[in-house]
Amino acid sequence: MGKQLLVSIASFLGSLAVWTFMLGGNLMPALVLMVVLLIHEMGHYLAARFIGARAELPVFIVIGAFVKFENTGRTLRDSFIVSAAGPVLGSAAALLMYFFGGHSAVLMSAAALGLALNLFQLIPVPPFDGGHMTLAIDRRLWKVGAIFVLAFAAASLFHGNFMPAMLVWMMWDGTKNYMQATEMQAAANPERFAVPAGEKLIYSLVYFGLTFGLIFACWAFGVRVL
């Protein structure tokens, strides 16, 4: 735990320093971004521990963060719980900031960023959390997510916003390979990917409820997502 904590803190501070530099030396917006990421990732970490998996503290890599956990032999239910916990905790924290932030510009900024980031994470295609959640619902939703992110990249390029487009293209090969590998595994072992109708209904209610709830919250609070 000691080494994990040091790596987590060091990666947090390193990413904070990079974002501060990228934002023209402004520490506060960079810190807001990192705290929002931290809350989201701690959701994954706590959920992994909840299901009894060994998990490591979040590691930050400037453009995002990740939590390593023991995934071997885990069920789609376990994967759904761990994947959903990040957006759930992140969204709850963002809403609390809105309702109890008063006139604090910092908390309002963190709340807006939290809503937008957690909604973005629900895009139904790997490596986003939504991609892992919809694995337990219907993998055909991945095609919808893939169309969305590719359209987003194209729109970003059209408007001269190169960083989002570059990030999408950087992840695309890994996304495509993961989807293809998953389809092969499902063909070879269909029992592992079979989800009872009752469970699938619960997963659908959680996923779509969270997604449309965040869309409504962003609309109600005037948060720009794209």
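**Group meeting: a walk through the helices**

Okay, let's start with serine 8, which is buried, with a relative accessible area of 9%. Before I go on, please keep in mind that this is a predicted model. Serine 8 sits in helix α1, and if you skip the residues up to four places away in sequence, it touches Leu57, Pro58 and Phe60.

Right next door in the numbering we have valine 7, and that one is in helix α1 as well. Buried or partly exposed? Valine 7 comes out at 39% relative accessibility, so we call it partly exposed. Its C-alpha is 8.4 Å from the C-alpha of leucine 57, although the two positions lie 50 residues apart in sequence. And remember, Leu57 is also one of the residues that serine 8 touches.

Further along α1 there's valine 18. Here the relative accessible area is 33%, so valine 18 is partly exposed. From valine 18 to isoleucine 63 you count 45 residues in sequence, and the C-alpha to C-alpha distance is 10.0 Å.

Now, what does α1 pack on? Helix α1, residues 2-22, packs against helix α2, residues 27-50, with the axes 8 Å apart and an angle of about 140°. Angles over 145 degrees would count as roughly antiparallel, and this pair is therefore oblique. As for handedness, α1 and α2 cross in the right-handed sense. On the α1 side the contact uses Phe12, Ser15, Leu16, Trp19 and Thr20, and on the α2 side you'll find Leu27, Ala30, Leu31, Leu33, Met34, Val35 and Leu38. How many of those are charged? No charged residues there: the α1 and α2 contact has ten nonpolar residues and two polar ones.

Let's stay on α2 for a moment and look at histidine 44, which is part of that helix. Its relative accessibility is 8%, so histidine 44 counts as buried. What does its side chain have for polar company? A polar atom of the histidine 44 side chain is 2.6 Å from the backbone oxygen of valine 82. Leaving out residues up to four places away in sequence, histidine 44 touches Val67, Val82, Ser83, Ala85, Gly86, Pro87 and Asp129. So if you're clicking along on your laptop, Val82 turns up in that contact list too.

Just past α2, alanine 55 lies in the loop that leads to β1, residues 59-60. Buried or exposed, for a loop residue? Alanine 55 is buried, because its relative accessible area is 11%. Its C-alpha is 4.0 Å from the C-alpha of phenylalanine 69, which is 14 residues away along the chain. Setting aside neighbours within four places in sequence, alanine 55 contacts Gln4, Tyr45, Ala48, Arg49, Lys68 and Phe69.

Okay, moving along the chain. Helix α4, residues 105-120, packs with helix α8, residues 197-220, at about 145°, and their axes are 10 Å apart. This crossing of α4 and α8 is left-handed. From α4 we have Leu115, Ala116, Asn118 and Leu119, and they meet Thr211, Leu214, Ile215, Ala217 and Cys218 in α8. By class, that's seven nonpolar residues, two polar and no charged ones.

After α4 there's a nice little backbone detail. Most peptide bonds are trans. What about the one from proline 126 to proline 127? That bond is cis, with omega near 10°. Proline 127 belongs to the loop between α4 and α5, and α5 covers 129-133.

Last pair, I promise. Helix α6, residues 141-158, and helix α7, residues 162-188, have axes that come within 8 Å and cross at roughly 160°. That angle makes α6 roughly antiparallel to α7. The α6 and α7 crossing is left-handed. Who's in the contact? From α6 it's Trp142, Ala146, Val149, Leu150, Phe152, Ala153, Ser156 and Leu157, while α7 brings Phe162, Pro164, Ala165, Val168, Trp169, Met171, Trp172, Tyr178, Met179 and Thr182. Sort the α6 and α7 residues by class and you get 16 nonpolar, two polar and no charged.

That's my tour, thanks for listening.

How values were computed
Residues are numbered from 1 along each chain as its sequence is written. This is a predicted model: local features need pLDDT of at least 70, side-chain atom pairs count only at pLDDT 80 or more; totals for chains, interfaces and linings use all residues. Side-chain values use heavy atoms; hydrogens and water are left out. Axes are lines fitted to C-alpha atoms, for helices over the stretch in contact, and angles run from 0 to 180 degrees between N-to-C directions. Helices (H or I, at least four residues) and strands (E, at least two) are DSSP runs, numbered from the N terminus. Angles under 35 degrees count as roughly parallel, over 145 as roughly antiparallel, 65 to 115 as roughly perpendicular and the rest as oblique. A crossing is left-handed if the near helix is turned anticlockwise from the far one by less than a right angle, and right-handed if clockwise. Contact means heavy atoms within 4.5 Å. Ala, Val, Leu, Ile, Met, Phe, Trp, Tyr, Cys and Pro count as nonpolar, Asp, Glu, Lys and Arg as charged, and the others, Gly among them, as polar. Buried means under 20% relative accessible area, exposed over 50%, partly exposed in between (1.4 Å probe, protein chains only). A polar contact is a pair of N or O atoms within 3.5 Å; within protein, one must be able to donate a hydrogen and the other to accept it, and residues adjacent in sequence count only if both atoms are side-chain atoms.
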